[in-house]
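Got your viewer ready? Here's a short tour of what to select and what you'll find there.

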Amino acid sequence: MIPKIITGKGSTRRLIAYLFGKGTANEHIDPHLVASWNDFAPDPGRSPHRDPKEVEKQLYTQLDQPVAMLGRRAPKTTVWHCPVRAAPEDPILSDAQWAEIARRIVAAAGIAPAGDTDACRWVAVRHADDHIHIAATLVRQDGRRPRRDHDIRAVQREARKIESAYGLRRLKPGDGTAAKRPTSKEHFKAKRLGQDAASRETLRLRVRRAMAAATTETEFFALLEATGVNVRSKTEPSGDVTGYSVSLPGDVNEQKEPIWYAGSTLAGDLSLPKIRKHLAVSAPEPVTVRPGNPWHHAIAATERIPHHLTHSDDAVAQGQLAALGGALDLLSLTAPAAARAELEQAAVAFERATRSRIAADHASARVLRRSIQTIWSDPARHGDGAGLAMLIDAALTAVAYAMHWHRTRQHAQQEASAEQTLVHLQTAYAQIASPVLVAIASRAPGPQTKRRYAYHLQQAAPEHAERILNDIAWDALSTVLAEAEAAGHNASTLLDRALSQRTLDDARSPARALTWRVRRLGERQAPGPRAQAASARHVSERPAVPPAQEHQARRR
């Protein structure tokens with residue numbers, strides 16, 4: 001349940017006219033009162049034998065009466081408006097239930113404490129199944145002003161209690177860094193036009209993608225325009241550009257004028273100053289990605305994120321999460337069509353997990369950003385899809401760690417977003433990895449070679465051997481071992497190194513996990529005989545593993 005407090009000046013006349021009107025797109029259905037300060041206020045929606053406009057006038061006159069009695073002594077802010085919206089999946093509440101919810105909200109806000117007969121006047125109007133509007137005046141009937149200190153927080157706390165009492169979707173408490181949600185008007189417009197998302201949400205995703213892909217401010221604006229976004233700069237008399245606004249073609253208001261959204265209203269980190277700060281550490285000069293496969297660089301950088309989240313300071317950790325969010329923003333553009341929707345949903349979900357009150361150190365994640373930019377800018381290097389599958393595999397672990405990191409810092413909304421991201425990533429991973437593994441398995445070596453690998457596996461990892469050999473991905477694992485061996489690697493040493501990288505206890509498919517590890521190791525330059533012998537004697541120690549609960553969330 002989402003309450004949103006809006007205050008204004010003057011009379012409630014215009015607000016009452018809007019609430020009982022048809023709406024900007026005829027979206028208001030059967031507007032009527034469900035509750036009021038005295039339980040018998042005039043109801044324009046339930047007065048069939050009277051002119052509705054006359055009843056509206058009677059209603060707003062009564063609401064405004066305490067303010068009018070103060071004359072010039074009235075406060076500047078006199079109107080208090082609070083829409084209260086249920087989640088789409090919530091059951092439809094009755095008028096009586098909405099009435100009780102309205103009373104709890106005005107009491108929590110200090111507008112009309114329970115039992116206070118001299119409190120402010122207010123009404124609750126319902127003109128849709130899923131929400132009400134509470135309209136009140138900010139002068140009590142005894143002429144005093146209401147005590148509404150921190151009413152926004154108080155109303156949010158009461159909303160969480162209401163959700164529990166009525167069995168509604170439980171929203172997570174926020175820290176004030178969430179992006180602004182689309183308004184009911186924006187939602188209705190998108191639905192009426194047959195759009196999957198409101199313009200605000202579409203623009204936010206495109207701006208985030210442009211920021212993730214760009215290395216300069218000029219490139220950022222060029223990428224926005226290339227994706228069909230109209231851009232308008234805010235230029236000061238000095239000629240300095242201090243901001244920007246964006247709009248979608250065809251998204252116009254009643255006057256047929258484009259509807260513009262300032263970057264800062266899409267999300268706090270999309271203002272021009274924040275984007276400039278991000279680009280300053282994303283420029284190619286400070287960090288040059290080493291020659292080689294950009295997928296490998298991106299995977300290695302993603303695999304280091306759990307270490308940063310458990311060992312680095314909070315600023316570095318937040319910077320890593322922001323870079324991971326940028327990677328997810330761009331990955332959906334490189335994915336096969338079948339997995340694109342799930343990856344885009346994963347990016348949208350993780351967007352909330354990329355921000356908190358902790359200032360991000362973006363410089364710590366340059367390699368990941370540059371590698372993803374290289375992948376995005378050169379589609380010809382996508383290969384057989386194994387790189388994308390391996391990167392998502394690494395991202396699953398990173399997101400699981402992100403969920404735990406946010407939980408330990410009581411970032412409830414960010415934790416929930418990371419958990420939702422895991423669901424989408426797991427689905428996308430299955431869609432991408434399955435055909436790649438089938439293609440790899442089609443090149444499986446002969447039975448004798450497979451028996452040799454199986455023997456070494458039973459010696460090196462007896463606790464996992466049976467699961468791996470019975471795994472559907474065993475043929476794919478034997479293939480990458482054979483191909484690495486053909487490239488000059490020692491297959492046994494390579495398998496030992498793959499086994500030592502991370503535990504397989506939590507892996508849903510241990511053979512699949514090993515396939516990606518061996519594939520990455522095998523695509524590196526083959527070591528000489530001496531190096532192979534040294535590596536066989538000194539297999540690296542296993543790194544720390546994530547908490548058990550994160551492994552369960554990440555299982556793949």
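Start by selecting lysine 161: at 52% relative accessibility, lysine 161 counts as exposed (the label for over 50% relative accessible area, while under 20% is buried and anything in between is partly exposed, using a 1.4 Å probe and protein chains only). This is a predicted model, where local features need pLDDT of at least 70 and side-chain atom pairs count only at pLDDT 80 or more, while totals for chains, interfaces and linings use all residues. Residues are numbered from 1 along each chain as its sequence is written, and side-chain values use heavy atoms, with hydrogens and water left out.

Now show the cartoon around lysine 161, which sits in helix α4, residues 151–166. Helices here are DSSP runs of H or I with at least four residues, strands are E runs of at least two, and both are numbered from the N terminus.

Next, add Arg153, Arg157 and Arg357 to the selection: together with Lys161 they form a patch of positive charge on the surface. Patch members have over 30% relative accessible area and no salt bridge, and like charges are joined within 9 Å. A salt bridge would be a side-chain nitrogen of Lys or Arg within 4 Å of a carboxyl oxygen of Asp or Glu. Lys and Arg count as positive and Asp and Glu as negative, with His and the chain ends not counted; the charge is placed at NZ of Lys, CZ of Arg, CG of Asp or CD of Glu.

Jump to alanine 102. Is alanine 102 buried or exposed? Its relative accessible area is 0%, so alanine 102 is buried. You'll find alanine 102 in helix α3, residues 95–109. Leaving out residues up to four places away in sequence, alanine 102 touches Trp122, Ala124, Ile132 and Ile134 (contact means heavy atoms within 4.5 Å). Try the distance tool too: valine 123 is 21 residues from alanine 102 in sequence and 8.5 Å away in space, C-alpha to C-alpha.

Now pick isoleucine 5, in the loop between β1 (2–3) and β2 (6–8). Beyond residues up to four places away in sequence, isoleucine 5 touches a set including Trp80, His81, Asp151 and Val155. Leucine 333, 328 residues from isoleucine 5 in sequence, lies 38 Å from it, C-alpha to C-alpha.

Finally, zoom out. The C-alpha trace spans about 95 × 55 × 40 Å along its principal axes, and the protein has 23 helices and nine strands. Of its 556 residues, 51% count as buried.

Methods. Patch = residues over 30% accessible without salt bridge, like charges linked within 9 Å, V, L, I, M, F, W, Y side chains within 5 Å. Areas by Shrake-Rupley, 256 points an atom, 1.4 Å probe, with all protein chains shown as cover.
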